[in-house]
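Please open the model in your viewer and keep the sequence panel beside it, since each stop of this tour begins with something to select.

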Amino acid sequence: MGLEYAELLAAQKVNLVLAARRREPMEKLAAELRQKYGVEVVVEPIDLAVPGAAAHLKGSLDDQSLEIDILVNNAGYGLHGDFLDTPLERTSDMIQLNITAVTELSFIFGQDMAARGAGQILLIASILSFQPVPGFSAYAATKSYVLSFGEALHDELRPRGVTVTCLCPGHTETGFDAAASAPVSPVLRFLTMKPRPTAATGLRALAKGKASVLPGFMNNIIVFSNRLTPRSMQRAVMKSVTGG
Ligand SMILES: NC(=O)c1ccc[n+]([C@@H]2O[C@H](COP(=O)([O-])OP(=O)(O)OC[C@H]3O[C@@H](n4cnc5c(N)ncnc54)[C@H](OP(=O)(O)O)[C@@H]3O)[C@@H](O)[C@H]2O)c1
């Protein structure tokens with residue numbers, strides 16, 4: 001989805017900083033976007049799961065006198081499988097990226113934005129934020145954190161001129177399943193969205209100043225149905241949909 005945010009923002013003539021671990025795909029994307037849209041693109045290879053990564057990234061941008069107006073807090077991944085059968089280091093690494101890095105990046109760049117009285121932060125939660133999900137127990141819990149954190153920050157930072165929006169994608173065709181070692185059930189395949197409309201929904205909601213948004217009609221039906229069903233049923237349904 002990061003590719004899509006980058007392209008959609010570049011099309012609006014927004015200059016970009018790309019941050020992820022692998023330099024090569026970012027350099028390739030940067031060259032394409034510079035040529036296609038005439039924007040400036042800086043590439044910052046960084047492992048955001050390393051403690052202190054957010055401060056390190058901020059330091060590197062300060063050295064280049066770069067200010068961030070829009071933070072898309074997109075880096076994250078899932079882990080599918082039984083909690084006790086998953087090596088603890090993998091779960092801890094995921095929590096570090098999905099929760100700690102997201103929190104630190106929001107703090108560090110949010111402070112700058114609040115001092116300027118303007119800025120936008122997009123956080124990426126998930127449809128799994130809305131109920132516990134056996135088979136994705138720790139991942140779904142990290143995304144519940146992101147949604148709760150993001151909606152609260154939305155209210156806290158609004159008076160300081162900073163918009164915070166939480167995008168809650170449903171299943172989207174990206175590298176997510178491979179990274180999570182997750183199977184794709186036939187129901188999940190039916191519900192799968194393309195990354196472009198998912199990312200576009202997030203950026204539109206950010207521009208409109210919404211607290212949170214769920215892309216896709218079916219995803220909205222699923223989350224709405226949670227209001228009508230017991231939590232035990234929500235867990236069972238999500239477990240079977242996500243192939244647990
Ligand atoms: N796809 C879905 O169904 C879905 C649904 C709901 C929410 N989400 C969320 O959407 C976000 C984007 O995921 P995606 O679906 O686009 O998956 P993806 O295709 O696997 O992309 C993940 C991105 O995060 C970067 N990344 C991973 N670990 C990193 C690290 N330690 N440090 C810095 N960058 C790192 C990856 O680049 P490098 O590998 O180069 O680091 C890649 O650009 C995630 O937060 C995910 O939880 C996805």
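The tour goes from the ligand to a cavity and then to a salt bridge.

**The ligand and its shell**

Bear in mind from the outset that this is a predicted model. Select the ligand together with the 24 residues around it, and then highlight Met1, Arg21, Asp47, Tyr139 and Thr174, which come nearest. If you colour this shell by residue class, you will find twelve nonpolar residues, eight polar ones and four that are charged.

Now turn to the individual contacts, beginning with tyrosine 139, where a polar side-chain atom lies 2.7 Å from an oxygen atom of the ligand. Lysine 143 also uses its side chain, in which an N or O atom is 3.0 Å from a ligand oxygen. At glycine 175, by contrast, the atom to pick is a polar one of the backbone, and the distance from there to an oxygen atom of the ligand is 2.9 Å. Display the surface of the ligand next: taken alone the ligand exposes 890 Å², and the protein buries 89% of that.

**The cavity**

Where in the model is there enclosed space? A search of the whole structure finds one cavity of 30 Å³ or more, and about 80 Å³ of space lies in this largest cavity. To bring its lining into view, select Leu79, His80, Gly81, Phe83, Thr86, Thr91, Met94, Gly135, Phe136, Ser137, Ala138 and Tyr139. Tyr139 thus appears at a second stop, being part of this lining as well as one of the residues that come nearest to the ligand.

Colouring by secondary structure shows that α4 (88–116) and α5 (137–157) are the elements giving two or more residues to the lining, with the largest share, three residues, coming from α5. By class, the lining divides into six nonpolar and six polar residues, with no charged residue among them.

**A salt bridge between two helices**

For the last stop, leave the cavity and turn to the salt bridges, of which the count comes to eleven. Select lysine 36 and glutamate 7, one such pair, whose side chains meet at 2.8 Å, N to O. Lysine 36 lies in helix α2 (residues 23–37) and glutamate 7 in helix α1 (residues 2–11), so this pair ties together parts that are 29 residues apart in sequence.

Key:
Residues numbered from 1 in each chain as written. Predicted model: local features only at pLDDT ≥ 70, side-chain atom pairs only at ≥ 80, totals over all residues. Heavy atoms only, no water. Near = heavy atom within 4 Å. Polar contact = N/O pair within 3.5 Å; in protein donor to acceptor, adjacent residues only side chain to side chain. Areas by Shrake-Rupley, 256 points an atom, 1.4 Å probe, with all protein chains shown as cover. Nonpolar A, V, L, I, M, F, W, Y, C, P; charged D, E, K, R; others polar. 1 Å grid on protein atoms, 1.4 Å probe; cavity = no way out; pocket = protein on both sides within 12 Å on 5 of 7 lines; lining within 4 Å. Points joined across faces, edges and corners; volume = space filled by probe spheres on them. Helix = DSSP H or I, 4+ residues; strand = E, 2+ residues; numbered from the N terminus. Salt bridge = Lys/Arg side-chain N within 4 Å of Asp/Glu carboxyl O.
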